[in-house]
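Student: Could you take me through this model? I'd like to start with the cysteines.

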Amino acid sequence: VFARDAGGGVRQIVGCAIDISDRRVAEAKLLEAKAAADAANRAKSDFLSSMTHELRTPLHAILGFAQLLDAGTPPPTIAQKRSIDQILKAGWHLLGLINEVLDLALIESGKLSLSMQAVSLAEVLLDCQTMVEPEAQQHGISVSFAPIDAACRVDADPTRLKQVIINLLANAIKYNKLGGTVGVTCSANSPGAVRISVQDTGEGLAPEQVAQLFQPFQRLEHKATGEE
């Protein structure tokens, strides 16, 4: 700021200076943290790529031997055929999930792509039932599926839809009681929509716990039950 006399000459100069050393240090630390985060993200991507490859290799062997058993001579018995089919269905589903692990980066950016198509809901539920039956039998749980029109089709990503239903069924079985039941029903929730409900005879949740549902890695009190 210049202060002038009556003749217009400069009589005084007033100025101020701000020490921005701390800001410079903070900016440098921020750039350093960003570089470290970028490096960690690249390492994560490399790890996911390597991991999916390592998981696919033994899974392909499992599927290959299951297919050999299915086509073997003499042909498998009815009971053996049922078991082989369960191995194949579960194996192909797991392979689909492994192949989509690399979508993690897209999930984090909110750009996950879905393969939407007309899906037979009856077929999806049958596949899910087949995959959870061994675990249900191991826990002494009875799983029932209400009849659904075979012509009923929904617009969905078949892998994601199956993944959601299997997760719900697995939890309904895992946190149930010995000799308990799990029931799956479908109903018209609104015009053009279908509601899939999974109910079980487990102890359930207290009202204050409901608000904590669907949080990542949140197991509520179940972390102390010994269940994996």
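Tutor: A disulfide here is a pair of cysteine sulfur atoms within 2.5 Å. The model is predicted, so local features need pLDDT of at least 70 and side-chain atom pairs count only at pLDDT 80 or more, while totals for chains, interfaces and linings use all residues. Residues are numbered from 1 along each chain as its sequence is written, and side-chain values use heavy atoms, with hydrogens and water left out.

Student: How many disulfides by that rule?

Tutor: Zero. The sulfur of Cys152 has its closest cysteine sulfur in Cys186, 7.1 Å away, which is too far for a bond.

Student: And Cys128, buried or exposed?

Tutor: Cys128 is buried, at 0% relative accessible area. Buried means under 20%, exposed over 50%, and partly exposed in between (1.4 Å probe, protein chains only). Cys128 is among the buried residues of H4, which also include Asp127 and Gln129.

Student: How many residues does H4 have?

Tutor: H4 runs over residues 121–138, 18 residues, and reaches 26 Å from its first C-alpha to its last, close to the 26 Å expected at 1.5 Å a residue. That expected span is 1.5 Å times one less than the number of residues. Helices are DSSP runs of H or I with at least four residues, numbered from the N terminus.

Student: Where is the kink in H4?

Tutor: At Val132, about 40°, shortly before Pro134. The bend is the angle between axes fitted to the seven residues ending there and the seven starting there.

Student: What follows H4?

Tutor: Gly140, with a positive phi near 70°.

Conventions: Helices (H or I, at least four residues) and strands (E, at least two) are DSSP runs, numbered from the N terminus.
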